[in-house]
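This report describes the overall form of one protein model, then its surface and its charged side chains.

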Amino acid sequence: LATKNREAAERKKDQENQQRIQECLSKTKEEEKQSALEGWRERKKEEARRKEIQERALAALDKAKNEARQHREEETQKAVREWIEQKKQREKAEQIAYKERVRKLALESRRINQHLQSIYLSEESEKSEKRQPLQA
């Protein structure tokens with residue numbers, strides 16, 4: 001009887017040990033699951049953080065490209081405006097030079113006309129003088 005009781009006690013103790021081992025294994029498995037889940041969550045957070053950083057970097061790059069394009073357009077417009085202004089100034093200078101040439105030509109023409117008129121008058125005067133002695 002004592003042997004049976006002892007065997008029963010050993011079996012019970014073995015069962016309890018087995019149950020504790022199972023509980024420990026379950027706890028260990030649960031801890032491993034929790035640890036794996038926590039690691040997965042951390043990786044997801046890190047991925048999200050990297051993605052956000054990448055999106056911000058791309059947005060900054062797009063902004064910089066847009067600013068550079070806008071700056072180039074402004075510089076081009078400025079150069080075009082300067083070219084137009086220079087062209088207007090050249091045309092104005094050419095117009096002034098043309099008017100000056102026309103004025104000088106007009107003066108020269110008047111001078112030549114006056115000279116020709118004086119030659120004509122002198123010739124007429126000489127003719128007139130030659131006729132007068134004949135009449136006298």
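The protein has a radius of gyration of 58 Å, whereas a compact globule of 136 residues would have one near 14 Å. The radius is taken over C-alpha atoms, and the globule rule is 2.2 Å times the number of residues to the power 0.38. The model is predicted: local features need pLDDT of at least 70 and side-chain atom pairs count only at pLDDT 80 or more, while totals for chains, interfaces and linings use all residues. Residues are numbered from 1 along each chain as its sequence is written, and side-chain values use heavy atoms, with hydrogens and water left out.

**Overall form**

The C-alpha trace spans about 200 × 10 × 10 Å along the principal axes of the protein. The secondary structure consists of one helix and zero strands; helices (H or I, at least four residues) and strands (E, at least two) are DSSP runs, numbered from the N terminus. Helix α1 covers residues 2-135.

Distances between C-alpha atoms show how the chain runs. Lysine 45 and glutamate 85 are 40 residues apart in sequence and 59 Å apart in space. Glutamine 117 and isoleucine 21, with their positions 96 residues apart along the chain, have C-alpha atoms separated by 141 Å. For glutamate 123 and glutamate 23, 100 residues apart, the separation is 147 Å. Lysine 45, glutamine 117 and glutamate 123 each lie in helix α1.

**Surface**

Of the 136 residues, 0% count as buried. Buried means under 20% relative accessible area, exposed over 50%, and partly exposed in between (1.4 Å probe, protein chains only). Lysine 45 counts as exposed because its relative accessibility is 56%. Glutamine 117, at 48%, is partly exposed, and glutamate 123, at 43%, is also partly exposed.

The accessible surface of the protein comes to about 13,200 Å², and 52% of this belongs to carbon and sulfur atoms. Areas come from the Shrake-Rupley method with a 1.4 Å probe; for residues, only the protein chains shown count as cover.

A nonpolar patch on the surface is formed by Val80, Trp83 and Ile84, which together have about 280 Å² of accessible area. Patches are made of residues with over 30% relative accessible area and no salt bridge; like charges are joined within 9 Å, and nonpolar side chains (Val, Leu, Ile, Met, Phe, Trp, Tyr) within 5 Å. Valine 80 is placed in helix α1 and is partly exposed, with a relative accessible area of 43%.

**Charges and salt bridges**

The protein has 36 positive and 29 negative charges, and their mean positions are 1 Å apart. Lys and Arg count as positive and Asp and Glu as negative, while His and the chain ends are not counted. The place of a charge is taken as NZ of Lys, CZ of Arg, CG of Asp or CD of Glu.

The structure holds eleven salt bridges. A salt bridge is a side-chain nitrogen of Lys or Arg within 4 Å of a carboxyl oxygen of Asp or Glu. The table gives some of them.

| Glutamate | Arginine | Closest N and O atoms |
|---|---|---|
| Glutamate 16 | Arginine 20 | 3.9 Å |
| Glutamate 52 | Arginine 56 | 3.4 Å |
| Glutamate 73 | Arginine 69 | 3.2 Å |

Glutamate 16 and arginine 20 both lie in helix α1, four residues apart, about one turn of the helix. Four residues in helix α1 also separate glutamate 52 from arginine 56, again about one turn. Glutamate 73 and arginine 69 are four residues apart in helix α1, so about one helical turn lies between them.

The relative accessibility of several of these residues falls in the middle class. Glutamate 16, at 34%, counts as partly exposed, and its partner arginine 20 is partly exposed with 47%. Glutamate 52 is partly exposed at 44%. In the pair of glutamate 73 and arginine 69, the glutamate has 38% and counts as partly exposed, and the arginine, with 37%, counts as partly exposed too.

Salt bridges can also be joined into a network, and Glu46, Arg49 and Arg50 are linked in this way.
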